[in-house]
Amino acid sequence: MSHWLQIVVATPAHSAIAGPLTYRSALLLRPGTLVRVPFGRREVLGVVWQVLPDSGGMPEASIRDIAGVLDGLAPLSSTWRRLVAFTAGYYQRSLGEVALAALPPQLRDLTTLQLTRRLKRTVVDTSHPQDTTDLIALSAQQACAIAEFDAETSEKQRPALLFGATGSGKTEVYLRAAAKVLEQDPEAQVLVMVPEINLTPQLQARFEARFAHLGRERVVPMHSGLTPAQRLKGWLAAHSGQARLVLGTRMAVFASMPNLRLLVVDEEHDPSYKQQEGARYSARDLAVYRARLETRDREHPHGACRVLLGSATPSLESWQATIVGRYQRLNMNERIGASPAGQPGGLPTVRRVDMNHQPKHCVIAPPLLAAIGERVARGEQSMIFLNRRGYAPVLACHDCDWKSDCPHCSAYRVFHKIDRTLRCHHCGFTERVPRACPSCGNIDIAPVGRGTERLEEHLAELLANVTRPDGGPVRIARIDADSTRLKGSLESQLASVHAGEVDVLVGTQMIAKGHDFRHITLVAAINTDSALFSSDFRAPERLFSLLMQAAGRAGRDAQRSAASEMWVQTFHPDHPLFEALKRHDYPDFAEQQLAERQAAGLSPFGFSALIRADAKTQEVAQGFLNAAAEAAQTQQLPGHAHVMAYPAVPMTIQRVANIERAQMLVESPSRKALQGFLAAWQPLLFETRRQAEFKSLVRWAIDVDPIAI
Ligand SMILES: Nc1ncnc2c1ncn2[C@@H]1O[C@H](COP(=O)(O)OP(=O)(O)OP(=O)(O)O)[C@@H](O)[C@H]1O
Ligand SMILES: [Zn+2]
């Protein structure tokens with residue numbers, strides 16, 4: 001007997017095939033079963049989506065048979081399928097693309113036999129009861145946060161936002177919440193997400209140590225830094241229920257976990273939770289959605305699943321949700337060990353340096369330099385933060401005004417002194433630095449501005465006369481994307497900071513977030529003003545959180561927190577953003593920002609999407625967007641009365657690798673109206689794309705809830 005199945009396979013992003021395909025099978029398979037099916041001339045991995053009552057009117061002879069079943073694997077749950085279907089619908093991508101991208105790549109390549117062999121390698125359970133004596137005693141605020149989180153369990157199951165100052169011990173709260181769930185039910189699973197796992201090797205070690213008693217390989221990592229084999233192994237462990245805790249980056253939100261009971265999203269405000277290509281999903285938003293699906297799943301009932309978001313500087317979306325009561329807010333405003341005598345909450349004193357009153361062209365103001373010198377002499381560490389890598393952002397000729405632009409992008413190439421190259425940070429185009437100005441021959445071409453590489457060099461000169469307590473010279477180190485290119489180099493550089501082998505650490509945002517540095521007592525941000533006047537309405541939010549996070553690296557050891565400082569160099573010391581920073585007053589900052597956004601109808605009070613188009617010329621890129629918008633207007637798409645589509649404009653970096661880029665902003669006060677409009681608009685965008693005049697269009701994509709405009 002034949003059964004007719006709808007099966008989802010990976011389809012090229014913009015092909016005509018968007019939905020599942022129909023196949024025949026001799027066996028009746030359950031939805032969620034992984035299969036191999038013929039697709040064109042290849043055989044590919046597919047997921048059974050639905051069982052059909054009949055061949056649906058298609059000539060039966062035209063329907064192909066499935067090639068095989070991955071029968072060692074349990075079917076993917078209905079919650080998982082619903083999450084994937086929601087993601088595809090909400091972010092306007094095809095089901096096949098989202099479903100298959102959510103599975104480990106190696107699963108696509110393995111034969112059924114290879115897979116069976118993998119599955120046979122079982123893990124020996126070496127669990128023994130946990131020795132609770134070595135657990136640290138919770139602070140009063142931690143205990144209170146946990147009690148409130150638990151108290152919610154009985155009622156509405158709202159998502160919770162742990163609003164905890166830097167160093168207030170949020171990780172311990174996550175650990176306790178996870179431990180409780182895992183103890184109460186021997187099958188329960190927990191998913192913990194972090195923005196960039198490579199930045200926090202510390203965290204993985206802490207989770208592994210805490211749950212070692214559950215047995216070997218019960219805590220598994222899930223992120224793009226793993227080998228394909230490691231990824232498959234972790235995925236299988238989660239899917240089979242063997243892994244009790246998955247610690248991963250945004251991709252882990254799609255982990256198949258049949259008994260998921262708790263999702264934790266650490267640093268929930270972090271932009272890296274938003275995927276920037278393919279389906280541009282927000283893993284934080286999907287985590288909240290998934291918890292709701294898991295709780296309500298009738299096919300796989302396993303009790304409530306909660307979500308715990310955490311941050312010292314929550315996204316304004318999550319913060320607003322706590323104000324209106326959609327989310328539960330848990331407060332921890334004090335650092336571990338904060339003494340009432342010190343700064344409020346044990347946080348560092350913020351010092352603003354008015355650069356209008358400093359010597360002209362000085363990079364580090366004299367009082368800041370003196371303060372760093374004193375710290376070095378006392379054997380303490382300082383950290384200087386500059387969000388720009390390389391030696392100088394541009395090389396210029398002062399005679400003829402030549403600048404090191406990238407021939408392929410509308411951007412300057414950055415000067416890297418270490419290998420004497422000019423590198424484009426957008427397209428990667430790299431050349432040796434010319435001996436003389438390529439335009440007029442002047443040999444006096446000079447770097448303009450400053451990146452971390454130059455700052456490091458400059459600091460060595462400025463601090464040449466400072467000595468450490470042992471009489472030795474100051475030790476300066478730099479951590480950024482350039483210094484950590486080699487595998488393992490970030491880990492070893494961080495280890496040397498932790499070991500106290502560095503006196504002054506220079507770096508980009510890589511060092512500002514998440515690290516539990518114990519010996520840093522001074523943090524300085526030397527050049528942040530440009531973000532104050534950005535055209536992107538989220539720039540102040542990003543700057544504020546980055547500075548709060550950076551400040552959070554100073555004085556984490558309670559013994560030294562009283563004398564810890566955060567310095568900010570600025571030409572606008574009275575800006576309200578810095579006033580709020582000085583008081584470590586996130587709620588006040590959020591209030592200012594939310595008031596502005598409400599007045600302007602911006603997120604979280606309004607909803608938006610960007611349609612991006614790339615082409616050989618701006619004319620075609622913009623023309624395509626405008627034509628598609630016109631078609632939408634003419635056809636009066638659902639929701640159009642509540643949707644505003646602005647004219648197409650060039651993107652801020654207009655040209656990258658010789659491709660012109662344009663975008664169109666679409667806004668609506670109603671999420672539902674925007675969703676309805678976008679769904680109806682998609683076919684029109686495909687249709688417009690096929691018109692002869694837009695033949696040279698390279699690609700287009702929709703970004704729903706964009707995080708940068
Ligand atoms: N109850 C406690 N008693 C003693 N030390 C604690 C306690 N809870 C946490 N700590 C320690 O306090 C330090 C800060 O904790 P943690 O790294 O979790 O802070 P955080 O809130 O995540 O901060 P950030 O937002 O800056 O990452 C860690 O070294 C942690 O081991
Ligand atoms: Zn370039």
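The shell around ligand 1 draws at least three residues from each of two domains, domain 2 (138-332) and domain 3 (344-389 + 451-599), the bounds being those of an automatic or database domain assignment. The model is a predicted one, in which local features need pLDDT of at least 70 and side-chain atom pairs count only at pLDDT 80 or more, whereas totals for chains, interfaces and linings use all residues. Residues are numbered from 1 along each chain as its sequence is written, while chains are lettered from A and ligands numbered from 1 in the order in which they are written.

Around ligand 1 there are 18 residues, of which Thr166, Gly169, Lys170, Thr171 and Glu172 come nearest; a residue is taken as near a molecule or strand if its C-beta atom, placed from the backbone, lies within 6 Å of it. Helix α6 (residues 170-184) gives the most to this shell, with three residues, helices (H or I, at least four residues) and strands (E, at least two) being DSSP runs numbered from the N terminus. By class, the shell comprises five nonpolar, ten polar and three charged residues, where Ala, Val, Leu, Ile, Met, Phe, Trp, Tyr, Cys and Pro count as nonpolar, Asp, Glu, Lys and Arg as charged, and the others, Gly among them, as polar.

The largest nonpolar core has 168 residues, and those with the most contacts inside it are Ala178, Val192 and Val246; such a core is a set of buried Ala, Val, Leu, Ile, Met, Phe, Trp, Tyr and Cys residues joined through C-beta atoms within 7 Å. A residue is buried if 20 or more other C-beta atoms lie within 10 Å of its own, exposed if 12 or fewer, and partly exposed in between, with C-beta atoms placed from the backbone. Ala178 touches Val190, Val192, Leu245, Leu262 and Val264, not counting residues up to four places away in sequence, contact requiring C-beta atoms, placed from the backbone, within 7 Å. Apart from this core lies another, of 13 residues, among them Ala392, Leu395, Phe415 and Leu422.

Helix α10 (residues 316-323) is mostly covered, six of its eight residues being buried, and these buried residues pack against β6 (160-164), β11 (306-311), β12 (328-332), α14 (539-551) and α17 (586-600). Just after α10, Gly325 takes a positive phi of about 85°.

Under "binding site", an unreviewed UniProt entry lists Cys397, Cys400, Cys437 and Cys440. These cysteines span 44 residues in sequence, yet no two of their C-alpha atoms are more than 8.6 Å apart, so they gather at one spot. UniProt positions are given in the numbering used here, with feature names shortened, and annotations may be inferred rather than shown by experiment. Cys397, in strand β15 (residues 394-397), is buried, with 21 other C-beta atoms within 10 Å, whereas Cys437, in the loop between β18 (430-432) and β19 (445-448), is partly exposed, with 19. Leaving aside residues up to four places away in sequence, the contacts of Cys397 include Cys437 and Cys440, and those of Cys437 include Cys397 and Cys400.

The unreviewed entry also lists Cys406, Cys409, Cys424 and Cys427 under "binding site"; they span 22 residues in sequence, yet no two of their C-alpha atoms are more than 8.7 Å apart, so they gather at one spot. Cys409, in the loop between β15 and β16 (414-416), is buried, with 21 other C-beta atoms within 10 Å, while Cys427, in the loop between β17 (421-423) and β18, is partly exposed, with 18. Beyond its neighbours within four places in sequence, Cys409 is in contact with Cys424, His426, Cys427, Ile653, Arg655, Val656 and Ala657.

Conventions: Two residues are in contact if their C-beta atoms, placed from the backbone, lie within 7 Å.
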